[in-house]
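Q: Hi! Could you walk me through this model and its ligand site?
A: Happy to, let's take a look together.
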Amino acid sequence: MSMKEDLERALEDAKAAFARVKDKIELANEKANWLGKKGPLAAIMANMRNLTAEERKEVGQVSNITKQGISDAYDAKLKELNDKEINARIEQEKIDITMPGYTFKKGTIHPLMQTIEDMEDLFIGQGYEIAEGPEIETDTYCFEKLNLPKGHPARDMQDTFYIDAERLLRSQTSPVQARTMELKEGKPIKIICPGKVYRRDADDATHSHQFMQMEGLVLGKNITMADLKGALLSIARKMFGEEREIRLRPSYFPFTEPSVEVDVSCARCGGKGCPTCKGTGWIEVLGAGMVNNRVLEMSGYDPKEIQGFAFGVGVERVAMLKYGIDDIRNFYTNDIRFLDEFKEER
Ligand code: DAH
């Protein structure tokens, strides 16, 4: 029957047409050609009502088979195109695991923080605790309670930045002494306090308007100058080498009595004399002393019961001596070339 043959041919032609298709647009067009309103199947359907019931049954069957065949051919082609697309994407996005990886630039701890950490290690090992205080300090704690009343000449050396008459950027870490004493209410104390301090100094190779100090305070029964000397010797040896010696010279600080200036034997020449120690064999490193009775009393301690020592060390000064840095400004300019010199495997 010719209509049946027509349909069989249509199926073959449709398959051939789908086989030639190269992309999804062409495929959509071919689908419309063969299965759409203007396609051969639609034409046969339109003609159905002119057929006898017998013919209709047969033509109906054949056209269903044809329609299914064309649909299958379409689905197969669509799958083929999709697979091709996915494979192309996979090919494109393939990661070459043999390629060398990125090198990550590892940072380094800042030499000042390293210096503080080294000192903290030493003191924590000796039973000290770490105390902190605010950088915006009151005149009371920064000066008054350290025996530097208003108008005291020693205040001149610590001119700082004032926020108002009572508040200022602390010029030393010593106020943490008074704060801790008030907190501990007459009990023994063994603390260090590292932190930032400020002074109204013009910046140059050895001065900075902002720098760091580490304060130490030890209070208890029967604490003597010998204990202070032991503490100072251990810090000198930890920071500058086990062969170092220390020398104490009389000095003056309002908050200690007696007060000393502490020199460390020059690590560069071993004490013989060289340009670093200006030929003396000694380098001045920190200030210290036995806590002044007035300071103890002002913060509620009874000097007859409890005494002790205090010291204050400039962190930059220690780091400069230790690492041979000649300009303090190097610490603050964040030049990677400078900082990289202190890279340590951690
Ligand atoms: N606060 C002093 C300064 O900044 C350093 C200092 C000296 C601290 C003697 C002390 C000390 O605790 O006992 O110059």
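Q: Before we start on the ligand, what counts as a polar contact here?
A: A polar contact is a pair of N or O atoms within 3.5 Å. Keep in mind too that this is a predicted model.

Q: Good. What is the distance from a nitrogen atom of the ligand to the side chain of Ser 174?
A: A ligand nitrogen sits 3.0 Å from an N or O atom in the Ser 174 side chain.

Q: And which side chains have a polar atom by a ligand oxygen?
A: Gln 177 is one of them, with a side-chain N or O atom 3.0 Å from an oxygen of the ligand. For Arg 199, a polar side-chain atom is 2.8 Å from a ligand oxygen.

Q: How much of the ligand does the protein bury?
A: The protein buries 91% of the 350 Å² that the ligand exposes when taken alone.

Q: Which elements give two or more residues to the shell around the ligand?
A: Those are β5 (210–220), β8 and β9 (307–314).

Q: How many residues surround the ligand, and which are closest?
A: There are 16 around the ligand, and the closest are Gln 172, Ser 174, Arg 199, Gln 213 and Glu 215. Sorted by class, that shell holds 5 nonpolar, 9 polar and 2 charged residues.

Q: Switching topic: how many cavities of 30 Å³ or more are there?
A: A search of the whole structure turns up 2. The largest has a volume of about 50 Å³.

Q: What class of residues lines the largest cavity?
A: The lining has 10 nonpolar residues, with no polar and no charged ones. Among them are Met 119, Ile 235, Phe 240, Val 285 and Val 318.

Q: Which element gives the most to that lining?
A: α8 does, with 4 residues. Both α8 (225–240) and β8 (282–291) supply at least two lining residues each. You've met β8 already, in the shell around the ligand.

Q: Let's zoom out. What does the overall chain look like?
A: The protein chain has 11 helices and 9 strands. Its C-alpha trace spans about 130 × 45 × 35 Å along the principal axes. The radius of gyration is 44 Å, whereas a compact globule of 346 residues would have one near 20 Å.

Q: Any backbone oddities I should look at?
A: Here is some background: most peptide bonds are trans, and most residues other than glycine have a negative phi. In this model, the bond joining Glu 257 and Pro 258 is cis, with omega about 0 degrees. Pro 258 is in strand β7 (residues 256–265).

Q: And where is Glu 185 placed?
A: Glu 185 is in the loop between α7 (175–184) and β4 (189–198). Its phi is positive, near 45 degrees, in a residue other than glycine.

How values were computed
Residues are numbered from 1 along each chain as its sequence is written. This is a predicted model: local features need pLDDT of at least 70, side-chain atom pairs count only at pLDDT 80 or more; totals for chains, interfaces and linings use all residues. Side-chain values use heavy atoms; hydrogens and water are left out. On a 1 Å grid over the protein atoms alone, a cavity is a set of points where a 1.4 Å probe fits but cannot get out, and a pocket is an open set with protein on both sides within 12 Å along at least five of seven lines; lining residues have an atom within 4 Å of a point. Grid points are joined across faces, edges and corners, and a volume is the space filled by probe spheres set on the points. Ala, Val, Leu, Ile, Met, Phe, Trp, Tyr, Cys and Pro count as nonpolar, Asp, Glu, Lys and Arg as charged, and the others, Gly among them, as polar. A residue is near a molecule or strand if one of its heavy atoms lies within 4 Å of it. A polar contact is a pair of N or O atoms within 3.5 Å; within protein, one must be able to donate a hydrogen and the other to accept it, and residues adjacent in sequence count only if both atoms are side-chain atoms. Accessible areas come from the Shrake-Rupley method with a 1.4 Å probe; for residues, only the protein chains shown count as cover. The radius of gyration is taken over C-alpha atoms; the globule rule is 2.2 Å times the number of residues to the power 0.38.
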